[in-house]
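Subject: Structure handover

Hello,

Here is the structure I said I would pass on. My notes on it follow below.

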Amino acid sequence: MYRIENHPILPEFHRGKRVAFLFDGKEYEGFEGEPIAIALRDNGVMVHHYTAKRAEPRGIFCAIGRCNDCVMIVDGAPNIRTCVTPLQAGMKVETQYGTSNEGVTGRQ
Amino acid sequence: MIRYEVIIIGAGPAGLSAAIEAAARGLKVVVFDENDKPGGQLFKQIHKFFGAKEHQARERGFRIGERLLAQAVGLGVKVVLGAQVVGIFDNKQITVMIDTQMEYYVGNSIVIATGASENVISFPGWTLPGVIGAGAAQTLMNIYGLRPGSKVLMVGSGNVGVVVGYQLIQAGCQVAAVIDAAAHIGGYGVHAAKIARMGVPFYLSHTIAQAHGTDRVCGATIVEVDQAWQPVPGSEKFLDVDVICLAVGLSPMSQLARLAGCLLQDHPHKGGLVPVCDEYGETTVKDIYAAGDVAGIEEASSAMLQGRIAGNAIACRHGYISRTEFERYHAEYKTSLMQLRGGTFGHDGGEKTQPKHTAEGQPLSQTLLTKGYLDERELTVFPGIPGEAARKQGLVAVLECTQNIPCNPCQDVCPKGCIKVGDKITNLPVMVSSAHCSGCGLCVISCPGQAIFLVNETYADNFAAVSIPYELVPLPVPGSKGMACDRSGAVLAEAEVISVRKNAKSDGTALLTMKVPGQWAMLARFFKPGAALQEG
């Protein structure tokens, strides 16, 4: 619902093929090769992780891999910058709690 | 350890230009960039650039990027992407992280062209998802074709804020407001005017008090600030937005220059800590140069010239061109760079204070500086505004260019020589002879500031024809009806589209001509498609 289909200046956007991926166990679709964060945003997902100390939500901020606000657990690996990591079919993307992949209990 | 004659860090406008210049003289050049795509921020710039022909004026940034890249690759420059330079050591040795591997390179010369990073401001709620940098908005929209949200508050009225505000509207978002703590709009008046006439309100002397929401932005409260930058109680306004976009300045990324032992200096008007450079861009460490935003925040056009200057100097230092040839190129690039640095917004030295007049002596429009649009009563003093007598004769071009910015495509494209800017490209354009205007509209579609309009008060009885640059979708069709809006976006009257012209040369900008009641000829500056239901 956030995709731009018709832009007054830019030519058509080159998008990869439509692929399915998992976000917190549910299936979503995105375009192969685009950053994971883009596919998530299009599906309305904005919270990528919760901070370690105060469990505050964080999402896309810089979109160029600099600020680390968009990190998530991707295929089991924590702290993956989803704004610069290309989406692949079947990827398992999870909300990160704290700084590791140990889940909610990890931060308490 | 691999040796190159020139190592360039950063594949943006400065880095690529330095690479092109050096490689064209025969040097062996490698460019490292940490991103997966080259071109730096150029590929996110979809507006037409200012400047003169030699600065690629009236070309859109992403096209300039495509050309630079093709040129560099054509000259045999090796561009390595996903390559993060993490260390600079003595004798111009560097370590580069490529994927998970660390590689070592050594250069005879190094050009640091790492650009800048965005500044942020903090306020309650600023870490909520939905608060993003203006650069992120551009990346999402212009690279990946995704709207960052539906309704946006833009914080910051500098060129980044107003340009990205315009791009958000082009992408289909609503811009609820542009706010700035300063009392004046920081960016070019013409950029502000583009969004003001689409109805975007500017709140100057305002800051953001709070972003609302628990797990995402669902609104913002802005508040007026007094002269001591303190919030004025009772002046809070709630804005219904889902995105808050921060465009509050850039800082040079001079970390590598520091690591290399270059002397740095704090220059507030250059955006922060920058390496001290000579006129060729050479830092205090021999054979290490800095070019582009890392040496002081400017426009991409200036960055390209700084890159060329450094590349040329390197070619001379290593004997690839003669001293005379070097000096000839250098003089050319330097003159070109100085042209860009002139004018009201320029970097031609020292601190800038808010001027009250143009270089030519006209009082600057205060509504332009505070509301983003020109008040027609302030307009008459400018040399590009035809008087009533000229307008009675027939079709005229109206040049609503009222600040000294470095730009002259209007002079360049007019086939009849009606418009004169002169040698100094920061001069205001002068309408020399409306009598010859054929109404071709080239000036309208070429003006990067979209500040030129064609007005024909003799179009029909009681009706005038007004031609405007139009860059939105869907493109209205001839015969369709809508509303003519004034410079502030307020609806004036119903208007009918007479014609819509677009061709390859106009590069996406359409020339839309609308029929408006005669009395609005000098006020109507935007066409809003659709029924006449909206309030004024």
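Which residues in α5(B) are buried? They are Gly189(B), Val190(B), His191(B), Ala192(B), Ala193(B), Lys194(B), Ile195(B) and Ala196(B). Helix α5 of chain B spans residues 189-196, and 8 of its 8 residues are buried, so the helix counts as mostly covered, with buried meaning under 20% relative accessible area. The buried residues of α5(B) pack against four elements of chain B, namely α4 (159-171), β10 (174-180), β11 (202-204) and α9 (366-370).

Before going further, please note that this is a predicted model. Chain B has an average pLDDT of 95, and 98% of its residues score at least 70. For the complex, the predictor gives an ipTM of 0.96 and a pTM of 0.96. As a general caution, predicted coordinates should not be read in detail where pLDDT is low.

The other item is a sheet in chain B. How many strands form this open sheet, and in what order? There are 3 strands, in the order β12-β13-β14, with antiparallel pairing. At the edges are β12 (206-212) and β14 (237-239) of chain B, each of which pairs on one side only. From one strand to the next, the twist averages 30 degrees.

Within this sheet, β12(B) and β13 (residues 219-224) of chain B run antiparallel and are joined by 6 bridges. To find the pairing on screen, start from Thr207(B): opposite this residue stands Val223(B) in β13(B).

Regards

Definitions and conventions: Residues are numbered from 1 along each chain as its sequence is written. Chains are lettered from A and ligands numbered from 1 in the order in which they are written. This is a predicted model: local features need pLDDT of at least 70, side-chain atom pairs count only at pLDDT 80 or more; totals for chains, interfaces and linings use all residues. Side-chain values use heavy atoms; hydrogens and water are left out. Two strands pair if DSSP finds at least two bridges between them. Helices (H or I, at least four residues) and strands (E, at least two) are DSSP runs, numbered from the N terminus. Axes are lines fitted to C-alpha atoms, for helices over the stretch in contact, and angles run from 0 to 180 degrees between N-to-C directions. pLDDT is the predictor's confidence in each residue, from 0 to 100. Buried means under 20% relative accessible area, exposed over 50%, partly exposed in between (1.4 Å probe, protein chains only). Contact means heavy atoms within 4.5 Å.
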